[in-house]
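Please take a moment with the sequence and the model shown below before reading on. The paragraphs that follow lead from one part of the structure to the next.

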Amino acid sequence: AERPGRVRVYANGRPGAALLATTTIGNVHAAGEAGVMGIAVDHLFRQNRLIYVCASRDYNGQWLNQVLRYKVRSDWKLSFDRYLIRTGMVANTIHNGCAVEEGPDRNIWVSMGDAAQPWRAQHPNRLNGKILRVGRDGSIPADNPIMPGTSGRTFVYSMGHRNPQGIAFQPGTGRVYAIEHGPERDDEINWIRAGRNYGWPCVTGTNNSYLPGTEGCPG
C-alpha cells in the first residue's frame, strides 16, 4: 500500500519481484500523514480473495478515514466489495492511526487516532481516538463492549487513545497490543482490553496528568 492511493501486488516478497498489478483507490486524500495507511489480508484469502484497507478519502464533502473491503481479481487488480466503516472517523494531516489487522478472533481491528482533536478520544460516541473492532462483513461484534455513556454496542473496543498506529496479537494468548505515540513524551505500548479508557488527553504514560480540563477530563 502506498500513501497517495496505490496498492501494488508483487509476485513475492523478494527484491526485484515482478509487479503483477497496480490499483489506484479512488478519492484518496493524501496530505501529511493521511492517505492509504493500513492493509490486511483475509485468513481465507485463497478461497475468498478478500483484503481490507484503511484510507483517508473525500466522501460526501467530508475528509474521512474509512475501512474498505476489496476483492482481488484474477488479474490481481482490486475490485471494491463493501465498506466496513464508512463514516464517523474524521481525517486530518496528523493523528489518523489507521492500522488494520485481522485478529485471531477473525474480526478486523483498527487503530484510529484523535485527528488532532484530543476531546474526541474521551467521547464514547465518536470513533476517533479509539481501538475499533469490526466484523469482516462490517457488522458490530456481539461481544464488543458497551462503553460508558453509550446506549449500545458500537465499533469501539477501547477509548482514550492519541495516535495508535500498530496492532499486534500475542501468540498463544490472543492478547491485543497497540503502540501509541505520546505528545513530547510518554509513548506507550498498551494491552488493549474491552471497554477500557487509556487516558488521552487527560493523562499520558503511567497516569501523568497532561490536559486536565479538556472536555471529558476531570479538573
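Strands, as the word is used here, are DSSP runs of E with at least two residues, and they are numbered from the N terminus. The model is a predicted one, and with this way of naming elements in hand, aspartate 186 can be placed in the loop between β12 (176-180) and β13. Most residues other than glycine have a negative phi, and most peptide bonds are trans. Aspartate 186 departs from that pattern, since it is not a glycine and yet has a positive phi of about 60°. Its relative accessible area is 21%, and because buried would require a value under 20%, aspartate 186 counts as partly exposed.

A second residue of this kind is asparagine 207, which is not a glycine either and has a positive phi of about 70°. Asparagine 207 sits in the loop between β14 and β15, and its relative accessibility of 61% makes it exposed. The peptide bonds offer a departure as well, for tryptophan 200 and proline 201 are joined by a cis peptide bond with an omega of about 0°. Proline 201 belongs to the loop between β13 and β14.

The loop between β13 (188-192) and β14 (203-204) also holds cysteine 202, which brings us to the disulfides. A disulfide is a covalent bond between the sulfur atoms of two cysteines. How many disulfides does the structure contain? The count comes to two. In one of them, cysteine 202 is bonded to cysteine 217, with the sulfur atoms 2.1 Å apart. The torsion about this S-S bond of cysteine 202 and cysteine 217 is about -85°, so the disulfide is left-handed. Because cysteine 202 lies in the loop between β13 and β14 while cysteine 217 lies in the segment after β15 (208-209), the pair ties together parts that are 15 residues apart in sequence. Cysteine 202 and cysteine 217 are both buried.

Another disulfide joins cysteine 54 to cysteine 98, with a distance from S to S of 1.8 Å. The link of cysteine 54 and cysteine 98 is left-handed, with -75° about the S-S bond. Here distant parts of the chain are linked, since cysteine 54 is in strand β4 and cysteine 98 is in strand β7 (residues 97-102), 44 residues apart. Both cysteine 54 and cysteine 98 are buried. When the bonded cysteines of the chain are numbered in sequence order, the pairing reads 1-2, 3-4.

From sulfur atoms we can turn to aromatic rings. A pair of aromatic rings is described by the distance of the centres and the angle of the planes. Across the whole structure, a search finds six aromatic pairs. One of them is formed by tyrosine 59 and tyrosine 83, whose ring centres are 6.0 Å apart and whose planes stand at 70°, so the pair is edge-to-face. Since tyrosine 59 lies in strand β4 (residues 50-59) and tyrosine 83 in strand β6 (residues 78-85), the pair ties together parts that are 24 residues apart in sequence. Tyrosine 59 is buried at 16% relative accessibility, and tyrosine 83 is buried with a relative accessible area of 18%. Another edge-to-face pair consists of tryptophan 109 and phenylalanine 169, with ring centres 6.0 Å apart and planes at 70°. Because tryptophan 109 lies in strand β8 (residues 108-112) and phenylalanine 169 in strand β11 (residues 164-169), this pair ties together parts that are 60 residues apart in sequence. Tryptophan 109 has a relative accessibility of 2% and counts as buried. Ring pairs also link Tyr59, Tyr70, Phe80 and Tyr83 into a cluster.

Some rings have a charged side chain over the face. Arginine 193 lies over the face of tryptophan 191, at 3.9 Å from the ring centre, and arginine 49 lies over the face of tryptophan 76, at 4.5 Å from the ring centre.

Trp76 leads on to the largest pocket, since it is one of the lining residues, along with Val7, Arg8, Val9, Ile39, Val41, Phe45, Ile51, Val72 and Leu78. This largest pocket has a volume of about 220 Å³. Which strands each supply at least two residues of the lining? They are β1 (6-10) and β3 (36-41), and β1 gives the largest share, three residues. By character, the lining divides into nine nonpolar residues, no polar ones and one charged.

Technical notes: Residues are numbered from 1 along each chain as its sequence is written. This is a predicted model: local features need pLDDT of at least 70, side-chain atom pairs count only at pLDDT 80 or more; totals for chains, interfaces and linings use all residues. Side-chain values use heavy atoms; hydrogens and water are left out. On a 1 Å grid over the protein atoms alone, a cavity is a set of points where a 1.4 Å probe fits but cannot get out, and a pocket is an open set with protein on both sides within 12 Å along at least five of seven lines; lining residues have an atom within 4 Å of a point. Grid points are joined across faces, edges and corners, and a volume is the space filled by probe spheres set on the points. Helices (H or I, at least four residues) and strands (E, at least two) are DSSP runs, numbered from the N terminus. Ala, Val, Leu, Ile, Met, Phe, Trp, Tyr, Cys and Pro count as nonpolar, Asp, Glu, Lys and Arg as charged, and the others, Gly among them, as polar. Rings of Phe, Tyr and Trp (its six-membered ring) pair if their centres lie within 6.5 Å; planes under 30 degrees apart count as stacked, over 60 as edge-to-face and the rest as tilted. Buried means under 20% relative accessible area, exposed over 50%, partly exposed in between (1.4 Å probe, protein chains only). A charge sits over a ring if NZ of Lys or CZ of Arg is within 6 Å of the ring centre and within 35 degrees of the ring normal. A disulfide is a pair of cysteine sulfur atoms within 2.5 Å.
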